[in-house]
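User: Could you walk me through some of the labels on this structure? I'd like to see the reasoning behind each one.

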Amino acid sequence: MRNWPVTLFFLLCVLNISAQQVTISGQVRSTAGEEISAVSVQLSNSKQGAITDINGKFSIRVQQGETILLFRHIQYQPITVELELLADTSLQVQMLEKTTQLQDIKIESQSIYEDEVVSFQKVDSKSAKSLPSTFGDFNKILVTLPGVSSNNELSSAYSVRGGNFDENLVYVNDIPVYRPFLSNAGRQEGLSFVNPDMVQDIEFYAGGWEPKYGDKLSSSLNIEYKEPDSLEASITAGLLGGTAYIGGNHKKMSYLVGVRHRDSRYLLNTLETEGQYFPLYTDIQSLLTFDLSGRKSEYINKTKLNVLLSVGRNRYLTEPASQTTEFGSVQRSYRLFTAFEGREILNYNTYQVGTRLTHRFNNRARAHLISSSMLTNERELYEVEGAYRLCDVNNNPNESTFDQCVVDRGVGTNYDYGRNSLVANINTIENRWEYMLNLNHVLEAGAGFTTQHIDDQINEYSFVDSSDYVTDLHRVKSANEINSVQYFGYFQSTYLWKDSVHALSSGVRFSYWDYNNQILVSPRISYRLAPKWKKSTTFKFSAGLYQQPPFYRELRDFDGDIYKDVFAQKSLHLIASMTRVFHLWKRPFLFSSEVYHKQMWDLIPYDIDNVKLRYYPTVSATGYARGIDFRVHGEFVKGTQSWFSVGFLQTREDLAGDSFTMYLDSLGNEVFPDFYNQDQVKSSRVEEVGYVRRPMDQRINIAAYFEDHMPNDPTLRVNLNLVFGSGYPFGPPKNQRYRNYFAGDEYYRVDIGLSKFFNTKRTSFSKLWLRVEVLNALAADNTLSYSWIQDVNGAQFAIPNSLSARFFNVKLTAEL
């Protein structure tokens, strides 16, 4: 044993080598090449493991030697990988889906656990970019989904299942974003916040969303921006503006920067109102992502920071000159000519910054700290005088006065003046927690608060001068300031049965606003049934209470006064849905249907003019919305994505105290008294109006997005965007009895994009797209709203305000 020291040293070396650890890292993808998040990577016969992140990546430290890894996910078949490890190893793992699914219907969530218990619509981000629309606005892809409607191609606002524009939540990387306040017309707006070039993932909830999302009545849109792992860039220029973006990755940081510019003067020149238009909108956005994990971290992105920055600048100026509107019927037609003098100016600057700090404590626990701040400074200046003449038009082609005014019905002047300004600062801090009890059960909770500062200065008045007699004089002058804090929190539990057939998500959301001292408790529950049928079919049922505390606009009445004792609007959602995968032409398609009923109370009634909402905070209403939506989605043309949507809706409301006086003659017939027939009135009685149509009651909505390409030349592509909606209700102003009594004209529009791809590898940009768009291809004369004019006899006329005409746009896009 003279050599025992050498022997002992040799044994220690062997033991040390056997105890050395190595790193296994890699990425998990589906057979379609899509990254799969939330995959459990388990070391055989051990509790050690990891969970793949949103990009499907994982990293785990193990002992050298023979190793067995088990990959499991509820949507995919498990895989076992056996390895003989002597050094750090990188893997590329491919998992097969348990059931046939569409390529874009995949799990890509930032939750530790993805259950898909709640019903939502998944939208391909590439379709959002290729959709032909007026300004390439992201929100127009939403209008092609069931339950979503819009009758204004100039605006990014949208309505969901009978709700208004203020009832929709929008998140970008879990950071809330907001709409401008003072815009009165779609042509004054800029683009929506979301930049299509930067979008990675889109989830849209038309109702029944989880407690962790906020307090609105109608919908929740959740956007994830890209985190590039390699250099990418593109630039687009067209007649209505342009865009550019660049993204890349450097060590432990990724960056994404996008710029958009819109100049819509050419399109606005197709409106009925002739004049000079100078509308400019520019915004810059950036998403910076930092991996703050240490070098020895066993998880990829154990600690990650997202920083979202945005600056928006809108400058709108118009000097209207004249407008000619013809309306009526074949038997009787009218013409309104208006000559204008003056100008309208709307300027606003919006600054938004948000952060999301994510830390994974272990395989089971993860936390997010989310903060955001929004500052907007808006000014509205206008002084416009319009002299009008309303007349009957001779529509008999056999007479010499054909198409000429033959009878004057009214002559007068409208005068509008305004000097308004608004400053708003909204700050939010929220902490979210996720804890996975096991592979089948996840708990989530969070809490936060929002501070609101609003400073609104209003100085406006208007009147009508008819035959030197001033009527409808309206004056508002007020200075309002609101400083408040809203506190909120939530808890939710998601459980998946081991057979994957049943899943249940339930929770509750809490909210308190110190401005009106109201406490809100909103329980919500969702159940999913996925029977193991030959054709993949899923049933989902949701019920929940959704309560929307009033924001500044809901507190202010027509006279500019603020009412503090206004409380949250409430809506009970009851939703049942079904999805089914079927095959046509040997390709998978997804059919989805959803039936819903929303029972609402404590509603704050409102009127709408263009995109401007005016609330009645002193009036309360009850109401309901019910309907059914259908959607078929798939590859109608191989290698492309298309879908067709149909929705049927009815929404009505009953205002408290909406009574009117009915006048009767001696026979009991109703009489409308005026200067000439006052002596016919013999009696009167008070009647209740009852339920009436809500302003967004669009009974039928049909939409389609369709892609195609030449059979022998896929570089030639066609994209079609089709929307049809029945008319919104409307009625004369300040008339309770006939509020929303009449049905407006239907809205229909077809936009077509024709694209040609060129391969330009010899230049800096390898891809070049030339695109020609035919906007409003059918030249539809769509009506946005109605203005009311009274003739010399006291009769009122609804004058339609039309939208844009057919327009040809050209775009050139270069990509790396």
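Analyst: Happy to; the model is a predicted one, and we can take the labels one at a time.

User: Let's start with aspartate 197 and lysine 129. What makes their contact a salt bridge?

Analyst: The side chains of aspartate 197 and lysine 129 are 3.5 Å apart, N to O. The cut-off is a Lys or Arg side-chain nitrogen within 4 Å of a carboxyl oxygen of Asp or Glu, so the pair qualifies. This pair links distant parts of the chain, 68 residues apart: aspartate 197 is in the loop between strand E12 (175–176) and strand E13 (199–205), while lysine 129 belongs to helix H2 (residues 125–130).

User: How do you know whether aspartate 197 is buried or exposed?

Analyst: Its relative accessibility is 8%. Buried means under 20%, so aspartate 197 counts as buried. Lysine 129 has 38%, which lies between the 20% and 50% limits, so lysine 129 is called partly exposed.

User: Which parts of the chain does the salt bridge of glutamate 227 and lysine 304 link?

Analyst: The side chains of glutamate 227 and lysine 304 meet at 3.3 Å, N to O. That pair joins parts of the chain 77 residues apart, with glutamate 227 in the loop between strand E14 (219–225) and strand E15 (232–238) and lysine 304 in strand E19 (residues 303–328). Both glutamate 227 and lysine 304 are buried.

User: And arginine 699 with aspartate 697: what makes that a salt bridge?

Analyst: Here the N to O distance is 2.8 Å, and the limit is 4 Å, so the label applies. Aspartate 697 has 0% relative accessibility and therefore counts as buried. Arginine 699, at 29%, counts as partly exposed.

User: How many salt bridges does this rule give?

Analyst: The count comes to 40. Salt bridges with shared partners also join Asp174, Glu224, Arg356, Glu430 and Arg432 into one network.

User: Why does glutamate 554 have no salt bridge?

Analyst: The nearest side chain of opposite charge is arginine 553, at 5.6 Å. A salt bridge needs a distance within 4 Å, so that pair does not qualify. Glutamate 554 is buried all the same, and has its place in helix H4 (residues 552–555).

User: What does the side chain of glutamate 554 make a polar contact with?

Analyst: The partner is the side chain of glutamine 548, at 3.3 Å. A polar contact requires N or O atoms within 3.5 Å, so this distance passes. Setting aside residues up to four places away in sequence, glutamate 554 touches Gln548, Val566, Gln569, Ile604, Tyr615 and Pro617.

User: Which residues make the nonpolar surface patch?

Analyst: Leu239, Tyr266, Val718, Leu754, Phe758, Leu770, Val772, Val810 and Leu812 make a patch of about 710 Å². Strand E42 (747–759), strand E43 (767–775) and strand E46 (807–815) each supply at least two of its residues.

User: What makes valine 718 accessible enough for that patch?

Analyst: Valine 718 has 33% relative accessibility, and a patch residue needs over 30%, so valine 718 passes that test. At that value valine 718 counts as partly exposed; its place is in strand E39 (residues 713–725).

User: What about isoleucine 752: which label does its accessible area earn?

Analyst: Isoleucine 752, in strand E42, has a relative accessible area of 23%, so the label is partly exposed. Among the residues that isoleucine 752 touches are Pro132, Val718 and Val772. Isoleucine 752 and leucine 131 are 621 residues apart in sequence, with their C-alpha atoms 8.7 Å apart.

User: Why is methionine 662 called buried?

Analyst: Its relative accessibility is 12%, and the limit is under 20%, so buried is the right word. Methionine 662 is part of strand E34 (residues 659–664), and its contacts include Glu670, Ser683 and Arg737.

User: Last one: what is the phi of arginine 161, and of lysine 586?

Analyst: Arginine 161 has a positive phi of about 50 degrees, and lysine 586 has a positive phi near 65 degrees. Most residues other than glycine have a negative phi. Arginine 161 is in the loop between strand E10 (159–160) and strand E11 (168–172), and its 5% relative accessibility makes it buried. Lysine 586 is in the loop between strand E28 (569–584) and strand E29 (587–603); its relative accessible area is 83%, and exposed means over 50%, so lysine 586 is exposed.

Conventions. Residues are numbered from 1 along each chain as its sequence is written. This is a predicted model: local features need pLDDT of at least 70, side-chain atom pairs count only at pLDDT 80 or more; totals for chains, interfaces and linings use all residues. Side-chain values use heavy atoms; hydrogens and water are left out. Helices (H or I, at least four residues) and strands (E, at least two) are DSSP runs, numbered from the N terminus. Buried means under 20% relative accessible area, exposed over 50%, partly exposed in between (1.4 Å probe, protein chains only). Lys and Arg count as positive and Asp and Glu as negative; His and the chain ends are not counted. A polar contact is a pair of N or O atoms within 3.5 Å; within protein, one must be able to donate a hydrogen and the other to accept it, and residues adjacent in sequence count only if both atoms are side-chain atoms. Contact means heavy atoms within 4.5 Å. Patches are made of residues with over 30% relative accessible area and no salt bridge: like charges are joined within 9 Å, nonpolar side chains (Val, Leu, Ile, Met, Phe, Trp, Tyr) within 5 Å. Accessible areas come from the Shrake-Rupley method with a 1.4 Å probe; for residues, only the protein chains shown count as cover.
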